[in-house]
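Q: Please take a close look at the largest pocket, and describe which residues and elements line the largest pocket.

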Amino acid sequence: MIGAEFVALSLPPILIGCLAAIACAIPGNFLLLRRQALIGDAISHVVLPGIVVGFLVTRTVSTWPMMLGAGGAAIVAVLLIESIRRAGRLEPGAAMGVVFSTMFAGGVLLLEQSDTSSVHLDVQHALYGNLESLIWLDATGWASLLDAQALAGLPPELPRMAITCLIVTGVTALLWRPLKLSTFDEGFARALGLPVRALSLALVIMAAMAAVAAFDAVGSIIVIAMFICPPAAARLMTDRLAHQVWLSVGFATLSAILGYVLAGYGPLWLGFDDSVSAAGMIATVSGLILALAAGFGPRRAPRSA
Amino acid sequence: MWGLGYNAALVATGAGLLGAAAGITGSFLVLRKRALVSDAIAHATLPGIALAFLVMVALGGDGRSLAGLLMGSALSAWLGLLCVGWLTHATRLSEDAAIGAVLSVFFGFGILLLTVIQSLNLGRQAGLETFLLGATAGMLYSDALTIAIGGGLATLAALVLRRPMLTAAFDPGYAIATGLDVRRVDLAMMGLVMAITVIGIKIVGLVLIVAMVILPPVTARFWSDRGNRVVLIAGIMGGLTGLVGALISATAPNLPTGPIIVLTGSAGFALSLLIAPRRGLLATVLGQHRYQRQVHLRQGLLALAHGHPVYERFTLRLLIRAGLANPDGTATETGRAAAARALLDESRWQVLRADPAQEIAASHYDGLRPIETVLTPDQIAQIDARLAPRPLT
């Protein structure tokens, strides 16, 4: 299993899955603590209308217009949620539900209305991506990792996801103290003169960026699951934010690797011919990790107990 | 029905009934401020649908019987609800994190099962993907009947449980104090929403059913502050949304029913957000402007009463337009009378506010409200008696 075939067929998707999971889990930690966990859910729903509009404007299935469209849609959604919440005096959940279901419905309608049958763009793909198809045809074995010519044939999602992951990690490290302060005690952070609103917006934009890049590679189920499950599991293990973030990165990586391997090879071990959805399996594994943490985590008890 | 095809009429009727039932049951959920629990419920139905299909096929059936699939979806949605409750109560995670976790994991597991079904190659395509976004093309009479009966039962239950659910939604603390078991009321509420979700996924699809539960109540909330009326308006709004949306989608191909119904509901919401009396944006903006004008007018009149000319442009323009001041900033005849009245009112208020015994009445002071609307003529006469002894010259 660990041979030339593995390098070509399984290594790139596993790496992309890990990077996507980590890029989503890191901002997820802060969203979770700020009780904005469902922003990730909302963002991943509105990505669909974003890419459809990006496609309709440029009429090409190139990555950048679509990612720009998706990023734009995410920011529009966040602003809409905030303004509807204020203007209509609604609870955040209801405002979120109104905005993301409307935008998602609009996206499906646009997709049906425009002739996208010729291109690779449909709702199913948007929901669960196609991690398995991100293969590296130029690889002939482990040696290819050192071969510049073969490396050029890597699926473009891999470097893109790596850069996104790097940016998310970098920004988090850079803004660590202000983010931490404003997450745990917004009033105190404001009293210190920190730009609390700008920080909150930066966090949402970072989450949107991770969601859009990851969505392109792996579909929105993994995005939602990785925003919430690894940070939530980590939260039940420790009281320290730094530990929580590291743990969530570990859980995210574990989910991605274990999920991909189980989905790709599990059915073969059981004697079936086909593999099953890697995205679904990764989400399932992350859920199992969360369930274990909720059952046995050392810091699982509610505050009052 | 209006020259529609049989299928379109069937879908429109089903969607209307579903919309009304979803609006009514959703009201309690939205008033309870737990709107997104319905999203978790909806996504949690997917593994149940897939498992029900597998079980039915294993038992030698066709696997596509709607009742069987709905039963399976109800079971897994219930399991999802229990998980949300467990994560919220037994761990320190907040409810939104629990919702997100259950939603994504159940949905992911459901997708996993769908690919298992595909790889089993059962010869006949299950077509379970249609539950994601709904499909009305092949709706049968029996499907419409299932929706009608299920929706009717859920609505009936919601109406019977109306009082405890509204009490728990508006004031959980009070509800507990009166001996209401809020956890059980909540459970009933969730059960009803679950029932609606399960019967609605065939038409609207499980990704978008949350809109049918949330949109009508938040729209209705703009039009009334009374719990019972919100429920009623949400029911009507939901029914109309379903009916109109289904009819629009029947007018042309490429208009998928579920998304069109949702967008119809969103249009109703946007319209209400703009034009609803009192809570709408337009009413709020107009109210602010009226308030601003009243403050300027009042301050201008008080200035005139003290014999100061008015220089502030906006105030002066308002005074001139009302015929109370001349363009040079001095008072007209009517202006002097109005100014005297404003000054008298202000003086009365000052007496009232200086009296600690009248604290409650004085709390109505906002610089605009005429004192006659707060006090009786007798009380005003008492105040005037205290105003009267001015130093005689």
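A: On a 1 Å grid over the protein atoms alone, a pocket is an open set of points where a 1.4 Å probe fits, with protein on both sides within 12 Å along at least five of seven lines, and lining residues have an atom within 4 Å of a point. Grid points are joined across faces, edges and corners, and a volume is the space filled by probe spheres set on the points. This is a predicted model, in which local features need pLDDT of at least 70 and side-chain atom pairs count only at pLDDT 80 or more, whereas totals for chains, interfaces and linings use all residues. Residues are numbered from 1 along each chain as its sequence is written, chains are lettered from A in the order in which they are written, and side-chain values use heavy atoms, without hydrogens and water.

The largest pocket holds about 1,400 Å³ of space. Its lining comprises 46 residues, and those nearest the centre are Arg34(A), Arg35(A), Gln36(A), Pro92(A) and Asp96(B). Among the elements that give two or more residues to this lining are α1 (4–33), α2 (37–58), α3 (63–87) and α10 (196–218) of chain A, together with α4 (95–120) of chain B, where helices are DSSP runs (H or I, at least four residues) numbered from the N terminus. The most residues, six, come from α3(A). Sorted by class, the lining has 20 nonpolar, nine polar and 17 charged residues, with Ala, Val, Leu, Ile, Met, Phe, Trp, Tyr, Cys and Pro counted as nonpolar, Asp, Glu, Lys and Arg as charged, and the others, Gly among them, as polar.
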